[in-house]
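Thanks for asking me to look through this one with you. My notes follow as numbered points, and I hope they are handy to read beside the viewer.

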Amino acid sequence: MFRVLRGVPGRGRGETEEMNRERAETYLRALAETELRRVTMQPWDDAERAGHVGRVNRVAHVLALVGALDAGVADQILGDFELALGARQTGQAGWFPRRAALASGVSVPPAAAGGSAAGRPGAGAAAGQAHAPVPLGQMVRVGGTDARGEVCLLSYARVASGPQLSVFARTRQPSGWREPSGPRLFDPFTAVDDQGTRYQVTIRDIGSPVLGWTLMLRPDPPHNPRWLDLATTGSGPAARVILPAADETRPPAGTEVTVSPAAASPGEHLLGTIAARLLAAVPPLPHDPWLYGTAPRPGTLPGLTDGLGEVIAALQECAALPSASPVPGQLTTLCARLNVTGHGITTPPASALPEPWLSVLTQYQHRQAGTAPAHDGYAAAAVVLPELDGIQLMILGLHNCQDSTIMHAHASGPACHTIYGPDGLYYWPPIWIRDSGGRWHATRTSGQSGMDGEIALRLEIVPPLSRATTWIEVWATGQSAQARARLPLRWQTP
């Protein structure tokens, strides 16, 4: 794993690494003892005491994640901490967090260790496929006794769990307005391929009709179909969807994918990830003036910011975060701009912010002409990003609905399970979007559905994209590398 190490005159790299590990272990034990004293000296309060325990857990996870501390050692320290609390609070040991996820969830990511998901068992079919997912941009009208509407086909992908279509659908209402569809809209769907194989169309639940749908085809095709005929009862002729040949590897015209080494240290990468989560978690709406200072503000965000002061101190102690790094001060400034409190960061605020952070903030302060979201539109775009830290991401299209932009995605790889972990916000590579107007956007996970070691994802782009956006760059940053994909967009309105 890539690390930034403190220089120690007269010492070799291996000895310096060992010293940093000793510093990390010493820091975590001291923090556990401090939190133990705080817990046992205060009146009984489940929420406050759980917060103290959570801070120790978070620092342990972070130190293991950046490779500064062996996961087994961190787990042992957490075990001693829980036992000490249980001994002092008889009968109250049951509420402590489980430690099992630590040992299994923070091992060195395969990508950081030089491996690749392609061809490994369980890595997902997408990693070894001969062709990328296919952007479609087609619309199928649905007509039946119980439902009438429009289904916008964004992309087709054949992954380990089977072939799937990413779609955005609307149902016609008696008043003439159309709303995001419910699952009944897909009841009359059937599919037949070029060799006459018939498929059952099933729905993969993502969490909300507003987020769109993933339609799975069953059974798995014994061959690579050249086309699919999608038909619905009472809707007229089938819609033919053309698919690529198995050996076709060229991405869609205008699509570019590049990979570069990560420039940040492990600690800087982690703090940058937290900043991206903050910007996506507390986005001010265009009509809300809390950046002007006149409206209620978010205050504390325990899941994101609690214990950040201890995290930064621990990273600096073991040299995973350079002492001269500007990122802690930038994070202080960002929290102040968002009026997020309770983070515990003592670093003085920085005078300037990174361009992506500042861009997301200022878009709400200075609304620009033509930046209204493309209401109920969709854009077919599909690409596979290189694997980052054991996670490979497919982009499968975008749609706009109810003033939000949703990006359809699919993740595979041996580290996919970390999105479900207790600190999944740390492990998952942050996804940034830069649009054709030079504006930056953060993303947040709005819906997810796991199946066969893979995850179907819906990422909300914050703030939403403009209808004038002609292309986007998707930036995904891991500990070891950064991937960038440029995708042309052609917005279509159902």
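1. Let me start at a single residue, Cys 335. With a relative accessibility of 0%, Cys 335 counts as buried. The residue belongs to helix 9. If sequence neighbours within four places are set aside, its contacts are Leu 278, Val 340 and His 343. You may also like to look at Pro 349: this residue is 14 positions from Cys 335 in sequence, and the two C-alpha atoms are 9.4 Å apart in space. Please keep in mind throughout that this is a predicted model.

2. Next, the helix pair that includes this cysteine. Two packed helices are described by the angle between their axes and the distance between the axes. Here the axes of helix 6 (residues 266–281) and helix 9 (residues 327–338) come within 10 Å, and they cross at roughly 10°. Angles under 35 degrees count as roughly parallel, and that makes helix 6 roughly parallel to helix 9. On the helix 6 side, the contact is made by Glu 268, Leu 271, Ala 275, Leu 278 and Leu 279. Helix 9 contributes Val 327, Pro 328, Leu 331, Leu 334, Cys 335 and Leu 338. How many residues of each class does this contact hold? There are 10 nonpolar residues, no polar ones and 1 charged residue in the contact of helix 6 with helix 9.

3. Stepping back to the whole chain, there are 11 helices and 21 strands. The chain has 494 residues, and 53% of them count as buried. Its exposed area is about 20600 Å², of which carbon and sulfur atoms supply 52%. Among contacts with a separation of 6 or more, 67% are between residues 24 or more positions apart.

4. Helix 8 (residues 308–317) deserves its own point. Of its 10 residues, 7 are buried, so helix 8 is largely enclosed by the rest of the structure. The buried set consists of Leu 308, Gly 309, Glu 310, Val 311, Ile 312, Ala 314 and Leu 315. You will notice that a glutamate, Glu 310, is one of the buried residues. After helix 8 comes Ala 319, which has a positive phi near 70°.

5. Now to the strands, beginning with strand 2 (residues 148–159). Is strand 2 largely enclosed or largely open? Since 11 of its 12 residues are buried, strand 2 is largely enclosed by the rest of the structure. Strand 2 pairs with strand 3 (residues 162–172) in the antiparallel sense, over 10 bridges. These two strands form a hairpin with 2 residues between them. Beside that turn, Val 159 has Gly 162 of strand 3 as its bridge partner. Another position to look at is Cys 152, which stands opposite Phe 168 in strand 3.

6. Strand 3 is mostly covered too, with 10 of its 11 residues buried. Besides its pairing with strand 2, strand 3 is joined by 4 bridges to strand 7 (residues 213–218), and strands 3 and 7 run antiparallel. In that pairing, Leu 165 has Leu 215 of strand 7 as its bridge partner. Ala 169 is also found in strand 3; its relative accessibility is 1%, so Ala 169 counts as buried. Ala 169 and Phe 186 are 17 residues apart along the chain, and 9.5 Å separates their C-alpha atoms. As general background for viewing strands, the side chains of a regular strand alternate between the two faces of the sheet.

7. My last point is strand 5 (residues 189–193), where 4 of the 5 residues are buried, leaving the strand mostly covered. Which strands does strand 5 pair with? One is strand 8 (residues 227–232), in the antiparallel sense over 5 bridges. In that pairing, the bridge partner of Asp 193 is Leu 228 of strand 8. Another is strand 6 (residues 198–204), also in the antiparallel sense, over 3 bridges. Here Val 192 stands opposite Arg 198 in strand 6. Strands 5 and 6 form a hairpin with 4 residues between them, and Gly 196 in the turn has a positive phi of about 85°.

Key
Residues numbered from 1 in each chain as written. Predicted model: local features only at pLDDT ≥ 70, side-chain atom pairs only at ≥ 80, totals over all residues. Heavy atoms only, no water. Buried < 20%, exposed > 50% of the residue type's maximum accessible area, 1.4 Å probe, protein only. Contact = heavy atoms within 4.5 Å. Areas by Shrake-Rupley, 256 points an atom, 1.4 Å probe, with all protein chains shown as cover. Axes fitted to C-alpha atoms, helices over the stretch in contact; angles between N-to-C directions. Parallel < 35°, antiparallel > 145°, perpendicular 65-115°, else oblique. Nonpolar A, V, L, I, M, F, W, Y, C, P; charged D, E, K, R; others polar. Pairing = 2+ DSSP bridges.
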